[in-house]
Every structure is written in C-alpha cells, then in structure tokens.
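Me: I'd like to learn how to read the packing in a protein model. Could you walk me through it with the one on screen?

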Amino acid sequence: MELNQLRYLCIHLNNLSGIPTRIYQGGKQIFYCSSLHFPSDPFIKYSKEILCCSNDLGYYITPEFSYYGIIKHQDYAIIIGPTSQIGITDDELKEYAKEIHVNPIDYDQFITAYRNISSISLPDLVEILIIFNFCINGKEISTIEALNLNLSEIKEVKESFQKEGLTEIHQQIENVIKEGNLKGIDHFLVSQSNFYINMNSVNQLRQAKNSFIVNATVVSRAAIGKGLDKEMADTVLRNYLKKCEDCQSIKNVTDLHSKMIREFTTRIQKATQSKEKNELISKAKAYIDEHFEKRLSTDEIAKEMNVSRPYLSDQFKKATGKNISEYIMVKKIEHAKKELEFFNTDIKKLSEKLSFSSQSHFTRVFKKYTGITPSEYREQVFLNKVKKSLSI
C-alpha cells in the first residue's frame, strides 16, 4: 500500500474516532493527523517502546492506563492513540507535559487537548487495529490472537505479573480450565478471590479490568486448546470484554470474572462430550460396517465400545436418527442390492451370507426397505440394463 493510501486511511480513522493518528518511517514521523492541538505529541514519551514492536499489530498500555495501537506495513508504522477510559488529574498531565518538554506556558493547552481525546476501551481499540491490519496487510487475526500476541509486549503489565507471581496463576487457570471440572473451578475461584488486585495501585478498577483482559485471553486460549471452536471462543471473549468495560466497581469485575471462567469451562465440557460422543458413534459405525454380515446385537457392539447398551442406543439414535438394529438392516440391504446388481448370487445363499434366519425373512426385510422383493429387484436391474444398451 502506498503512503498516500495510508494517509487516507489515517485521516478517515481520525475523523471517525477522534483519536490522533500518525505515520512513522525509519523511526521518524512523516505524517500526523489530529483535530486536537497538542503543543507536543504525547506519543513522544512512549515512542521508543512502541516503535520497537516486532509484530505487524501491537498495542501498548501506559502507566497512566492510556492505550496506543501500532500497525506495521513494509517500513511504515501507523500509530493510533492515545485513548483511555481513565481520567488523569491536572497535576499528572502537567508532569506528563514536563517530561516531553512542553513549554510551561503551553501546559493548559496540552491538558485541554488531552482531556478532549475520544474515550475508547482497550477491546474496541484492538478491534480497530484488527480491521486496520486487514485493510493494510490483508491478514486475518482474531481478537484472541491479537490480545494474546500483544499482551506479552506490554512491559509494565508483564513485569507486574512476574513480580506478583501471576504468571504462575495464569498457568493454574489454564490447567483448571483444561480439566473442565466445575467443582475445581469453584475451589480455584475461592482461593483466588482477591482477583490479583494490587492495593497500592492508583486506579484499582482499571487494574482489575486489565487483569480481566489478560485472564480472559488465557482462558479463551486454553478453551481453544481443549477443543472449543475458535470462532465461538472469540465471540464469547469479545462479549465478556465489552461487559468488563461497562463494570463500575471491582466487585462487578470479579463477579464477571467468575462468570466468564465458568462459562468457558461449561462450553469446554459440552465440546468435549460432543467430541467423545462423535467418536463413539464413529467407532460403532465402523464396527457395524466391518461385521454387518453376521448377526450383530446392540449388546455385542456396546461391549466392544466399552459402554452400556442403553447409553449406546440413546446416543446412536440421537446422532443418526435410527436405532442400531435398523442401521444394521439398512447396511445388509444396501449390500444385498449390490450383490443382486453385479453378481449372480443365489438369493438363498445371499440371505445366509447376511445371517438372516431364512430366505423368507430376508425377502420380507428387503421388500420393507425397497418396496420390492430381491427377485423383482434383480429383474428390474436387468431390464434397466437392457433398455440402456438398446438406447445406445
């Protein structure tokens, strides 16, 4: 994509979102777009960390809980931000302005511009980055992949997790989720009821929300690894991230956190059970396909599958719409039709081969499923072949 096209996208993204956009090349800014008038770009403070992003898509959370996004394309870097949902005091903004060498007479202008930046949640910013990345680089990436990929790039968050020992807790979350044990989940949630809040944090609610985002990403990744459909996991994750941003208290976030983990665990259980049931039916069908010629019973098949007869019968009926005996009979008749069509097999011998009690029994069953007797079927096939040869 050409530079003028990138500028076009940046301009319209700024028009839509109200968030400053800029383009860097070789570490230098070559384009800037914002309706706000900053005496100095707030991005300067974090430019080194953000421009070092090694991925096509990335985002950065500042200590003030502001967000930046980055999209890389060829040797260009498109920077989106800052945006935030957390208010910053005038004193904090003055200190910010001082750090990026704003002239003291322009402090008020800097504060006013910063306060007028559009407020967008981190999940919404990530969605913007995903769309922007697809437009520019043509690459599809899910919300889970974006969050999982880039959270490891957030230095402050990563260091905080390591300091508090939370990377080990995240591993515990993954293990508990993969086990799919709701009782185990309940025990884990009780043991971790403080939800990893640093009581010395300036904004504990924002920290709780950021922790939720990290944990939700860990949980969704574990769910996919356990067999949950990727698109389903992505949809559930996005829904919970939106709900998280609407939370007005730490208790709201912790309650939502518990609900999120339980829902993913329940979905994993269902996905696992469904997979196991599908495997059971596939094995049962394979066994029938291999042994349908002999007298097969549901008891025998259940024993081979190592499940109870009632359970196998129930699951087979739900999966195929047929009971097992009917499925076996259909297999026998389909095989009989091929024998009658392509081989001159004696009908009595065919009935014995397929383990019917007698020829008359075979005839009754055959007529039940085809509407005609074996002899009539063979005659019909012969006549059709004659007609076809005459027409040629």
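Me: Which residues touch the most other members of the largest nonpolar core?

Reply: Start with the general idea: in soluble globular proteins, nonpolar side chains tend to be buried together. In this predicted model, the largest nonpolar core has 47 residues, and Ile78, Phe212, Met260 and Phe264 touch the most other members. Helix α5, residues 122-137, gives the most to this core, with seven residues.

Me: What is methionine 260 in contact with, leaving aside its neighbours within four places in sequence?

Reply: Skipping those sequence neighbours, methionine 260 is in contact with Phe212, Asn215, Ala216, Val219 and Tyr240. There is also a second, separate core of 28 residues, and Leu280, Ile281, Leu312 and Phe366 are among them.

Me: How many helices and strands does the protein have, and what percentage of its residues is buried?

Reply: The protein has 18 helices and five strands. Of its 392 residues, 44% are buried. A useful companion number is how far along the chain the contacts reach: among contacts with a separation of 6 or more, 61% join residues 24 or more positions apart.

Me: Now for single helices. Which residues of helix α4 are buried?

Reply: Look along residues 107-115, and you will find Tyr107, Phe110, Ile111, Ala113 and Tyr114 buried. Next, look down the helix axis: the buried residues of α4 fall within an arc of 165°, so they line one face of the helix. The cover over these buried residues includes β5 (76-83) and α3 (90-99).

Me: Can we try that reading on another helix?

Reply: Sure, take α13, residues 298-305. Its buried residues are Thr298, Ile301, Ala302 and Met305. Down the axis of α13 they fall within an arc of 100°, so they too line one face of the helix. After α13 comes asparagine 306, which has a positive phi, near 65°.

Me: How do I read a pair of helices? At what angle do the axes of α13 and α14 cross?

Reply: Take the distance and the angle together, then see who makes the contact. The axes of α13 and α14 (residues 309-320) come within 9 Å and cross at roughly 95°. The two helices are therefore roughly perpendicular to each other. On the α13 side, the contact is made by Thr298, Asp299, Ile301 and Ala302, and on the α14 side by Arg309, Leu312 and Ser313. By type, these residues divide into three nonpolar, two polar and two charged.

Me: And how do α15 and α17 cross?

Reply: The axes of α15 (residues 324-342) and α17 (residues 359-370) come within 10 Å and cross at roughly 95°. That makes α15 roughly perpendicular to α17. From α15, Glu326, Met329, Val330, Ile333, Ala336, Lys337 and Leu340 make the contact, meeting Phe362, Val365, Phe366, Tyr369 and Thr370 of α17. This contact divides into nine nonpolar, one polar and two charged residues.

Me: One last exercise: is serine 351 buried or exposed?

Reply: Serine 351, which lies in helix α16 (residues 347-353), has a relative accessible area of 2%. Buried means under 20%, so serine 351 counts as buried.

Me: Which residues does serine 351 touch, not counting those up to four places away in sequence?

Reply: Serine 351 touches Phe356, Ser358, Gln359 and Phe362. You can also check a C-alpha distance yourself: serine 351 and glutamate 293 are 58 residues apart along the chain, and their C-alpha atoms are separated by 9.7 Å.

Methods:
Residues are numbered from 1 along each chain as its sequence is written. This is a predicted model: local features need pLDDT of at least 70, side-chain atom pairs count only at pLDDT 80 or more; totals for chains, interfaces and linings use all residues. Side-chain values use heavy atoms; hydrogens and water are left out. Buried means under 20% relative accessible area, exposed over 50%, partly exposed in between (1.4 Å probe, protein chains only). Helices (H or I, at least four residues) and strands (E, at least two) are DSSP runs, numbered from the N terminus. The arc is that of the directions from the helix axis to the C-beta atoms. Contact means heavy atoms within 4.5 Å. A nonpolar core is a set of buried Ala, Val, Leu, Ile, Met, Phe, Trp, Tyr and Cys residues joined through side-chain atoms within 4.5 Å. Axes are lines fitted to C-alpha atoms, for helices over the stretch in contact, and angles run from 0 to 180 degrees between N-to-C directions. Angles under 35 degrees count as roughly parallel, over 145 as roughly antiparallel, 65 to 115 as roughly perpendicular and the rest as oblique. Ala, Val, Leu, Ile, Met, Phe, Trp, Tyr, Cys and Pro count as nonpolar, Asp, Glu, Lys and Arg as charged, and the others, Gly among them, as polar.
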